[in-house]
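Visitor: I'm new to this one and would like a close look at a single part of it. Please pick one chain and walk me through how its pieces sit together.

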Amino acid sequence: MASAHVTKRAKYKTTIKDPGTPGTLRMTFEKILFVPHNPKSAGKLDVEFRYIKGQKHTKEGSNKPPWLNLTNNQNGSFIFEFENYSDLQECRDFVGKVLAKGGEVSEKPTVAYPDEQLSAAEMELRIKLLQEDSELQKLHKQFVLSGVLTETEFWATRKKLLDREASKKTKQRLGFKSAMISDIKPSTDGRTNKVTFNLTPEVILQIFAEKPAVHRAFLSYVPNKVPGALKQFFSSSSWPVNNDPIMSERTFWTKYFRAEYLHSTKNSIAAAAEAAEDEELAVFLKQDDILASEARNKIRRVDPTLDMEADEGDDYTHLPDHGIFREGNKEMTESQNELYKRSLSQDINRHAAVVLEGRAVVFLFENIHVSLDCICSMNLNVDVELEDTKAVAEALAQSKQKSSNKGESDGDTSRERLDRLSRMTEIEDLQGPNTLPLAPLCIKDPRDYFDSQQANALRTSGDALGGIEQIKCGLSTQEVYGSLRESISSIKAMGLKEPIFKPEVAHQVFDALTNSISNTKYHIGKNPQESVLDRLPRKTKEELLHHWTAILELLKHFWASYPITTTYLYAKVNRLKDAMSNIYPQLEEIKGSVPSELRHQVSLLVRPMHQALDAAIQHYEASMQKRSAQSGERPNGYV
Amino acid sequence: MKFQIEDVTVYFPYDHIYPEQYSYMTELKRTLDAKGHCLLEMPSGTGKTIALLSLITSYSLSKPQSPMKLIYCTRTVHEMEKTLAELKILHNYQIKHLGPQARILAIGLSSRKNLCVNPTVVAAENRDSVDAGCRKLTASWVRALAAENPDETTCEFFENYEKAASAAVLPPGVYTLQELRAFGKEKGWCPYFLARHMVQFANVVVYSYQYLLDPKVAGIISKEMQKESVVVFDEAHNIDNVCIEALSVSVRRQTLEGATRNLSRISQEIDRFKATDASLLRAEYNRLVEGLALRGNLPITDNWLSNPALPDDILKEAVPGNIRRAEHFLHVLRRLVQYLSSRLDTENVEKESPVGFVASLSNAGIHQKTLKFCYDRLHSLMLTLEITDTDEFLHIQTICDFATLVGTYGRGFSIIIEPFDERMPHIPDPVLQLSCHDASLAIKPVFDRFQSVVITSGTLSPIDLYPRLLNFHPVVSRSFTMSLTRDCICPMVLTRGSDQLPVSTKFDMRSDPGVVRNYGKLLLEMVSVVPDGIVCFFVSYSYMDGIINTWNDSGILKEIMQHKLVFIETQDVVETTLALDNYRRACDCGRGAVFFSVARGKVAEGIDFDRHYGRLVIMIGVPFQYTLSKILLARLEYLRDTFQIKEGDFLTFDALRQAAQCVGRVIRSKADYGMMIFADKRYSRHDKRSKLPNWILSHLQDANLNLSTDMALHIAREFLKKMAQPYDKTGSSDKKTLLSQEELEKLGDGSMHEMSY
């Protein structure tokens, strides 16, 4: 191989218009490193080659200076201006070589980091995470882009975040909204009698899911290109598809809302009258026959310990007209209009059932990528995006088909019914523990939990006032030791009791812990009344918080690097240490920038940061000395 | 575990036992020893069922020379399934310890609707159609016809069962309905008739109350049960209502119209038979002359519902001459229908005693004795006419039921004719009701026939009232309290809403928007605090519908839905069952849900809301009966005259037992926990509250007697936090609430009893 690296003088430009930072560009097989001449300037760059997708360069003879534009896979680019075209040439060839080698080149570091090779999905996930969390993004920008940490190092400490995000994607999907669809309230313009309903695909999906008859009507009335397979499905599932009366989607929804309006007036006679006149309207007004048949199927699978339908089948006392009428047993419906009556309770039950089982449907829904701005209206001022609603309707039909296929194989339902039965009959504390399948609790950020507890802690602090103070009684070492011995001897004598701790004590400790843990966060700045931070100017506060997280990030990496076993870690520690020592002046700067009356507060806040940094640097120096003492030949060049 | 109660070795399938269960068994054993009846109240959540089953099966195992049958009555089919599942656990345990000698046969018995495996028959909508569908395939004349003509369809399951004849037996074991069906399917035998047949040989039979209490059903199913049986009525707090309902009939316009149709159909049939096969009618006539109402032994498939009157009261004499001929009988029925129809044309509410009614009927030419025989005569006629679609003839059957009852009973009944429902006076809906007031009538044959009858429930307070209502003399009558390891139930009485104004469902307050809002706010606050399942009981369907609609309009419902899914009990059983199933799923998956239900409804009667299925029950209002109901007033009058029970006392007792029943379903074991909120200011009054069962009262602290929403919320928070702590399941050393085998043996009998008192 000709050369393992290229080093040229160049200017680094973030944009084309940027005058550029003069410095040295060094390219190896792994990465591109740009070090500005002026160490204080911000243009330092450390990019691994695997992020580079391609290159562009200006042609010799054109009136442009010799520029090399390296595009990375995040759609960013690095532009370098060289002193002459021959430098550019050399670099261009080198980059071309490296890019051609592609994967092979980056094999080397994989030894240390097996996960170096990132899939596009993983990359996407990282980007998504960064976009979602501005704090994270700031840190990433500050450390990774400036080269203090490599991309891998940065994410290595956030593996959990990545994992959970990934798992969430497959396991936890968005469900239906808790709100009922009847809550869609029309908007009026106040001048005319027109009302406008805004229908998003989500709402439509929900309507279809809750009212299969409307769904069927949509598919059969509204002109569309239902694929043959779907048609077949409908005919097989005893949904008669009626292709004759074709109406536009707008008329369809207009009729639908007309029917809903009739329902809401609770005037079943009027509903019956209108239904008699309009055949399509009647479809919406009638009881949902698909639901009824579905219910008959489902009833066979319910938990036998609550199967009240079976009771009715066994009830000979309440033959028609036998027994005593009890309040509510008498139904006062005029039988002919009963067809058009639908109670709120039915709607609520149906809604809740759909929300409960909504998952399978939503999964498909997500895959369609429907645009959420589809608006359907009762009057004629907004266009209807036909494709999207159709897609929703069809997706729902497909998912139904799937689930109905699933329903066919109900051989194991009786097994499941028996299991549920036995679970309901056992008495739990007379028997050994019975483990139910539990989904693990997923708390994205434990701090969120403690924050939410803070509210409770504050609320209950009224009655437990002073309780915390009493706990904070100081104990001497002897006392602690004594009490420990005592409890050990008592355990020896009596064996472990169940529970080991008294519940009250555990409760108290837990409360106090929650309180103190959540407090720290609070004092850094969430509680508007109590935080010192809020008295600071907004900018200062943000800076402080940012520094704090930055320091934490650095320290985390710093301490994680010990003991230093490889040269890689050694280099990393050095980088970190440099970055940390850079923070000192910045902190001082903040202190200087605040008004004098707040300076004390700020220095109080800054002190723990200083202390943490001091400790790290002290440790660093001590270990350096040790190292140089061990291997005398290495110069002690770092102070 | 295995332990001794006096001379009986009791096999109990769990490793631990509650002290209450032990003393419950002890009392039960004494009852069995004394061969008498007993009344036992033990709080729900203390494992009554398993204690009962354990003791009775162990008792009968210990006395192999005199095998004892257990007839276990539940109110509902799902309770039946649960009981059988518990029995199965017990049975497996006994077999493990005793080997094959512990084998018993235990079956559940239900209607064809729940047991039939013939897909064409069971597909029918309701019970009556399934019964008729079965009869169409299995009636003796249909089968006789099919033997000659192979085109006639019969039920292959029944034919196979018949072919197997005496070989068709169930091997010992415990069979739930589902397993019975599975067994039947596998063997190709009809599970319904197999079960009916096996009832005679089974050691344990589990079925519903009516199979013993309702003469119509008991007459065909429970005829052959031996005297040496122990009858258990579980969850028996409503037994008096079941008894009076079993003997009550009502006649409405539709009934009469239907009956008229039935009669013309019968007359056509008679004409047809006269033309083609007059010999059958003649044979019937001859039989009736000989004094047999029915042909001796009917094939099992021809059985229809039995005589509505109690067996002792059915006349064992010849059918009167004037209704022996089919046409004559038809005339009598026509006249009866006409008479009833004229009585329905009244403007005013009328109340009459059966004696007076019969007297006025005599004027119309129908005598008491004729009335008495109506049912049997109809039954005989329909068999003679070989009518299989019995579900079409329910109306005329109702009329005959009515006639037989009114002709048989002179006291304890009254006839009430109402031209319309008082709540809707503008809609004419006349109804003539024969209502029974005396609960002891229906249950008397049971007490007389069987050696021991056990009546047990979680709420039998006041326990001295039941012997009076049912007119029997228990040898043991005990109410057990519950020894709790920790205060795992938290009853509260909420009298004021969040605005500190009183809340109540009293008639003058219930529609007050402030009260409705306060109830909504209460629920809203609670759903945001209480995890998993919450159940909310209302006093009636109409009230529930009204309040939910108001909440929906005011947006409270929407806010509730932000926290939990909402499910509602409706009058449609299928829908309610599905809603409950979904409710449980929502609780299982952690989503949490609220269930709106109605006191005295089907859900309140038998569905458990234990563990996470119910962490809080809110009883909105006091579930009084509809006090203006004429039937209720007549019953109250009867109770006052016969038992000197004051009207007010009975109403309060009845309302509070319903309330207690609703809230009592949250606890399943001592490890479970739950809160109960009685949300009505009337609960704070001592005369109402004191009617609650003791085990609830003892946990109702004085401080929780008069709460407003905010205070209740605070208590709920504290309670839930406390319950989340670990605790010692066996209780502290001086007050054991859970016993292992060694502890039980060590303690011995004497000290055991002291503990549980």
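Guide: Let's start with a bit of vocabulary: a residue is called buried under 20% relative accessible area, exposed over 50%, and partly exposed in between, using a 1.4 Å probe and protein chains only. By that yardstick B:R143, at 23% relative accessibility, is partly exposed. You're looking at a predicted model, where local features need pLDDT of at least 70 and side-chain atom pairs count only at pLDDT 80 or more, while totals for chains, interfaces and linings use all residues. Residues are numbered from 1 along each chain as its sequence is written, chains are lettered from A and ligands numbered from 1 in the order written, and side-chain values use heavy atoms, leaving out hydrogens and water.

Chain B is our part, and its sheet is a good way in. Helices (H or I, at least four residues) and strands (E, at least two) are DSSP runs, numbered from the N terminus. Seven strands of chain B form an open sheet with parallel pairing, in the order β18-β19-β17-β20-β21-β16-β22. At the edges stand β18 (565–568) and β22 (707–708) of chain B, each with a single partner strand, so one side of each has no neighbour in the sheet.

Now zoom in on β21 of chain B, residues 674–679, where six of six residues are buried. B:G674, B:M676 and B:F678 point one way, B:M675, B:I677 and B:A679 point the other way, and all of them are buried. That fits a general habit: in a regular strand the side chains alternate between the two faces of the sheet.

What sits beside this strand? Two strands are said to pair if DSSP finds at least two bridges between them. β21(B) pairs with β16 (residues 489–496) of chain B in the parallel sense over six bridges, and B:G674 is the bridge partner of B:I489. β20 (residues 616–620) of chain B also pairs with β21(B) in the parallel sense, over five bridges, with B:L616 opposite B:M675. Following β16(B) outward, you meet β22(B), again parallel, over two bridges; there B:R496 stands opposite B:S708.

Next, a helix. In α15 (residues 278–289) of chain B, the buried residues are B:L281, B:E284, B:R287 and B:L288. They cover an arc of only 120 degrees around the axis (taken from the directions from the helix axis to the C-beta atoms), which puts them on the same side of α15(B). Their cover includes α14 (253–276), α16 (326–344) and α18 (368–384) of chain B, where contact means heavy atoms within 4.5 Å.

Two of those covering helices are tied to each other as well. B:K274 and B:E327 meet in a salt bridge, at 2.3 Å from N to O; the term asks for a side-chain nitrogen of Lys or Arg within 4 Å of a carboxyl oxygen of Asp or Glu. B:K274 belongs to α14 and B:E327 to α16 of chain B, 53 residues apart. B:K274 is partly exposed at 39% relative accessibility, and so is B:E327 at 22%.

Back to B:R143, which forms a salt bridge with B:E162, their closest N and O atoms being 3.7 Å apart. B:E162 lies in α8 (residues 156–164) and B:R143 in α7 (residues 140–148) of chain B, 19 residues apart. B:E162 has a relative accessible area of 34%, which makes it partly exposed.
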